[in-house]
Amino acid sequence: MPRDASRTRERLLDAAARAFADDGVFNASLIDITRRAGQRNRGALHYHFGSRDGVLCAVIERHTAFLARRERELLEVAARAPDDDVAVVVEAIVRPAAELAESGWRGRCCLLIIAELAGEDPTHYSAELEAVLARTGGNEVYALLADRMAPVSPTTEIERFALITSFILRAVADRARLLGRRRKGRPQLDSEPFVQNLVMMTSAAMAAPGPPLT
C-alpha cells in the first residue's frame with residue numbers, strides 16, 4: 001500500500017474508533033468519520049474498508065493479537081487452579097482489558113466498542129465481525145467459567161456472560177478515561193487494586209445462585 005494511502009487508512013481508523021466509542025457502533029455517522037479523518041472524498045472510507053462492518057472489524061483487529069495472547073497466558077494459569085476457583089478465570093478476562101486500557105485511547109475505544117457489541121444478539125453479526133471477535137479470544141475462558149460458576153439455566157448463563165463482559169469492559173475503559181481527564185473526578189484505586197477488586201466483584205456475581213432451575 002502506498003505510504004499516503006496507509007496514512008489515510010490509519011486516520012480513518014482513528015476517527016472511526018473515536019466515533020464508534022462515543023456515538024455507538026450503529027449510530028456513528030460514516031460521513032462524519034470521513035470528515036474527522038480530514039478526507040474531502042466521501043468515498044474514502046468505502047474505498048479502504050468497503051462498509052461500516054469493514055471499518056469496525058479493522059478497528060477491533062488492531063488489538064486482537066494482544067488480547068488473545070494475554071488471555072491465553074492467563075488461561076494456562078487458570079486451568080491449573082482448583083476446579084472451584086472462579087476468580088482466576090475471571091482474571092483472564094479482566095487483566096487483558098485493564099492492560100489494553102492503559103495502552104492509550106485507542107485501546108479504551110476498542111473496549112467500549114466490544115462492550116457495546118456484547119449486548120447485541122450475536123446471530124446478527126456478519127461472518128467477518130464474528131471472525132474478528134473470535135480472534136480476540138474469549139471462547140475458552142467462558143467455557144472454563146461455565147464449568148466453575150454457579151449452576152444456572154442456559155438462558156441465565158448467556159445473560160450473565162453478556163452482563164459481566166459489558167460491566168468489565170466499561171468499568172476498565174471508564175476508569176482509564178477518567179484518569180486521563182484534566183479535571184479529576186472521585187479518587188480512583190491504583191491499577192493493581194482496581195483489577196483485584198473488579199475480579200472479586202465479578203467472581204462473586206458468577207458464584208451467586210441464579211433463579212430456580214425449571
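**Exercise 1. Two neighbours in helix H1**

Task: In this predicted model, find the helix that holds Arg7, and decide whether Arg7 is buried, partly exposed or exposed.

Solution: Start with the location. Arg7 sits in helix H1, which covers residues 3-23. Next, look at the accessible area: Arg7 has a relative value of 42%. Buried needs under 20% and exposed needs over 50%, so Arg7 counts as partly exposed.

Now try Thr8, which also lies in helix H1. Its relative accessible area is 12%. That value is under the 20% cut-off, so Thr8 is buried. Leaving aside residues up to four places away in sequence, Thr8 touches Gln39 and His48.

To finish, go back to Arg7 and find Ile168. The two are 161 residues apart in sequence, and their C-alpha atoms are 33 Å apart in space.

**Exercise 2. Helix H5 and what covers it**

Task: Work out how the span of helix H5 compares with the expected span, which of its residues are buried, and what covers them.

Solution: Begin with the length. H5 runs over residues 64-80, a stretch of 17 residues. From the first C-alpha to the last, H5 reaches 25 Å, close to the 24 Å expected at 1.5 Å a residue.

Then pick out the buried positions on H5: Thr64, Leu67, Ala68, Arg70, Glu71, Leu74, Leu75 and Ala78. Arg70 and Glu71 are on that list too, so do not skip them.

Last, look at the cover. The buried residues of H5 are covered by elements including helix H4 (52-61), helix H6 (87-101), helix H7 (105-118), helix H8 (127-135) and helix H9 (139-148).

**Exercise 3. Helix H4 against helix H8**

Task: Find how many residues of H4 are buried, then describe how H4 packs with H8.

Solution: Seven of the ten residues of H4 are buried, which leaves this helix mostly covered. They are Gly54, Val55, Leu56, Cys57, Ala58, Val59 and Ile60.

For the packing, use the axes. Those of H4 and H8 come within 10 Å and cross at roughly 5 degrees. An angle under 35 degrees counts as roughly parallel, and H4 and H8 are therefore roughly parallel to each other. On the H4 side the contact uses Asp53, Gly54, Leu56, Cys57, Ile60 and Glu61, while H8 brings Glu128, Leu129, Val132, Leu133 and Arg135. Sorted by class, the contact of H4 with H8 has six nonpolar, one polar and four charged residues.

**Exercise 4. Two oblique pairs**

Task: Describe how H6 packs with H7, and how H9 packs with H10.

Solution: Take H6 and H7 to start. Their axes come within 7 Å and cross at roughly 135 degrees, which makes H6 oblique to H7. Ala97, Leu100 and Ala101 of H6 meet Gly107, Arg108 and Leu111 of H7. The contact of H6 with H7 divides into four nonpolar residues, one polar and one charged.

Move on to H9 and helix H10, the latter spanning residues 154-179. The pair packs at an angle of about 125 degrees, with axes 12 Å apart. H9 and H10 are therefore oblique to each other, and their crossing is right-handed. In this contact, Tyr142, Leu145 and Ala146 of H9 meet Glu157, Phe161, Ile164 and Thr165 of H10. By class, the contact of H9 with H10 holds five nonpolar residues, one polar and one charged.

Conventions: Residues numbered from 1 in each chain as written. Predicted model: local features only at pLDDT ≥ 70, side-chain atom pairs only at ≥ 80, totals over all residues. Heavy atoms only, no water. Helix = DSSP H or I, 4+ residues; strand = E, 2+ residues; numbered from the N terminus. Expected span 1.5 Å × (residues − 1). Buried < 20%, exposed > 50% of the residue type's maximum accessible area, 1.4 Å probe, protein only. Contact = heavy atoms within 4.5 Å. Axes fitted to C-alpha atoms, helices over the stretch in contact; angles between N-to-C directions. Parallel < 35°, antiparallel > 145°, perpendicular 65-115°, else oblique. Left-handed = near helix turned anticlockwise from the far one by under 90°. Nonpolar A, V, L, I, M, F, W, Y, C, P; charged D, E, K, R; others polar.
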